[in-house]
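Here's a walk through one model, taken a piece at a time. Have the coordinates open and follow along.

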Amino acid sequence: MFSKGNMFLADMDEMVKRAREILKKGPLPSMVDWATAFSLWPVHLMTSCCGCEIGAAWGPRFDNERYGSLPWVSPRQTNLIIVEGTVTRKMGCSVRITWEQMPYPKFAIAMGVCALDGGLFYNSYNIIRPWQVIPIDIYIPGCPPRPEAVARSIVELQRKIREEGVASGWLADGERQDLKNIIPKEDLCSWRGEDVDLSTRYS
């Protein structure tokens with residue numbers, strides 16, 4: 001704020017502290033969680049056959065849009081990523097970068113047995129589990145899961161957001177506690193310039 005001959009600067013740290021206090025009390029947290037739960041815009045990262053079921057889930061027959069979710073194309077305008085299929089070590093870096101481009105509060109669903117634990121490729125030297133790359137909120141078992149299971153995962157994610165206050169908690173605290181359990185991006189993307197054995201260091 002400027003006036004003639006004077007300049008007033010706000011104490012940004014104090015403003016952030018007060019904003020976080022407001023987000024933690026009163027009706028605002030439940031409003032944030034309610035609005036986020038019914039504004040899920042998923043982008044899907046497809047590496048295998050589960051992508052066909054995603055198309056059906058938001059098609060006219062099953063119509064997942066009625067639950068308050070609408071697939072989107074750009075990670076920067078989405079708040080939910082659905083990982084479908086096996087994730088290789090090389091793709092793990094892409095999953096992390098895509099997830100980091102999404103604005104928070106953001107969420108992740110692992111779809112299909114390949115995304116849960118590797119599926120047919122469970123003992124391959126070259127795969128990595130999605131829960132080692134990004135924090136996963138909901139798992140959908142099956143090979144491939146049917147569109148009804150995808151609809152159920154959306155409803156379960158909405159329930160989790162509203163009952164556990166995930167969205168408002170993230171906004172108030174500025175971070176998620178489970179981010180500490182995933183592999184650092186420098187090791188995941190091999191940016192340190194050294195060969196890191198992820199299976200032994202982060203198993």
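## The start of H1

Let's begin at the front end of helix H1, where a side-chain oxygen of aspartate 11 comes to within 3.3 Å of the backbone nitrogen of aspartate 13. Keep in mind that this is a predicted model.

How far apart are the end C-alpha atoms of helix H1? H1 covers residues 12-23, and at 1.5 Å a residue its 12 residues should span 16 Å. The end C-alpha atoms are 16 Å apart, so the expectation and the model agree.

## S5, covered on both faces

Now jump to strand S5, residues 107-111. Five of its five residues are buried, so the rest of the structure largely encloses this strand. In a regular strand, side chains alternate between the two faces of the sheet. Which residues of S5 sit on which side? Phe107, Ile109 and Met111 are on one side, Ala108 and Ala110 are on the other, and all of them are buried, so to speak of S5 is to speak of a strand covered on both faces.

S5 has strand S4 (residues 80-84) as a parallel partner, with five bridges between them. In that pairing, isoleucine 81 stands opposite alanine 108 of S5. To get from S4 to S5 the chain passes through helix H4 (residues 89-101), and this β-α-β crossover is right-handed. S5 also pairs with strand S6 (residues 138-140), again in the parallel sense, over three bridges. Here alanine 110 has tyrosine 139 of S6 as its bridge partner.

## S3, S4 and a left-handed crossover

S4 also pairs with strand S3 (residues 42-46), in the parallel sense and over five bridges. One of the contacts to look for is methionine 46, whose bridge partner in S4 is glutamate 84. Which hand does the crossover from S3 to S4 have, right or left? The chain runs from S3 through helix H3 (residues 50-57) to S4, and this β-α-β crossover is left-handed. That one is worth a look in the viewer, next to the right-handed crossover through H4.

## Backbone oddities in the loops

Two cis peptide bonds are worth finding. One joins tyrosine 104 and proline 105, with omega about 5°, and proline 105 sits in the loop between H4 and S5. Another runs from cysteine 143 to proline 144, with omega near -15°. Proline 144 belongs to the loop between S6 and helix H7 (147-164).

Then there are residues other than glycine with a positive phi. Aspartate 63, in the loop between H3 and S4, has phi near 50°. Its relative accessibility is 30%, so aspartate 63 counts as partly exposed. Serine 190 has phi near 60° and is found in the loop between helix H9 (185-188) and helix H10 (198-201). With 44% relative accessibility, serine 190 is also partly exposed.

## An aromatic cluster around Trp170

How many aromatic pairs turn up in a search of the whole structure? There are three. Tryptophan 99 and tryptophan 170 make a stacked pair, 6.5 Å centre to centre and with 25° between the planes. Tryptophan 99 is in helix H4 and tryptophan 170 is in helix H8 (residues 166-173), so this pair ties together parts that lie 71 residues apart in sequence. Both tryptophan 99 and tryptophan 170 are buried.

Tyrosine 104 also stacks with tryptophan 170, at 5.5 Å centre to centre and with 25° between the planes. This pair links distant parts of the chain too: tyrosine 104 is in the loop between H4 and S5, tryptophan 170 is in helix H8, and they are 66 residues apart. Is each of these rings buried or exposed? Tyrosine 104 is partly exposed, with a relative accessible area of 44%, whereas tryptophan 170, at 4% relative accessibility, counts as buried.

Put the ring pairs together and Trp99, Tyr104 and Trp170 are linked into a cluster. Tyrosine 104 is also the residue joined to proline 105 by a cis peptide bond. Finally, look for lysine 106, which lies over the face of tryptophan 99, 4.2 Å from the ring centre.

Definitions and conventions:
Residues are numbered from 1 along each chain as its sequence is written. This is a predicted model: local features need pLDDT of at least 70, side-chain atom pairs count only at pLDDT 80 or more; totals for chains, interfaces and linings use all residues. Side-chain values use heavy atoms; hydrogens and water are left out. Helices (H or I, at least four residues) and strands (E, at least two) are DSSP runs, numbered from the N terminus. The expected span of a helix is 1.5 Å times one less than its number of residues. A polar contact is a pair of N or O atoms within 3.5 Å; within protein, one must be able to donate a hydrogen and the other to accept it, and residues adjacent in sequence count only if both atoms are side-chain atoms. Buried means under 20% relative accessible area, exposed over 50%, partly exposed in between (1.4 Å probe, protein chains only). Two strands pair if DSSP finds at least two bridges between them. A crossover is right-handed if, with the strands pointing away from the viewer, the path from the first strand over the helix to the second runs clockwise. Rings of Phe, Tyr and Trp (its six-membered ring) pair if their centres lie within 6.5 Å; planes under 30 degrees apart count as stacked, over 60 as edge-to-face and the rest as tilted. A charge sits over a ring if NZ of Lys or CZ of Arg is within 6 Å of the ring centre and within 35 degrees of the ring normal.
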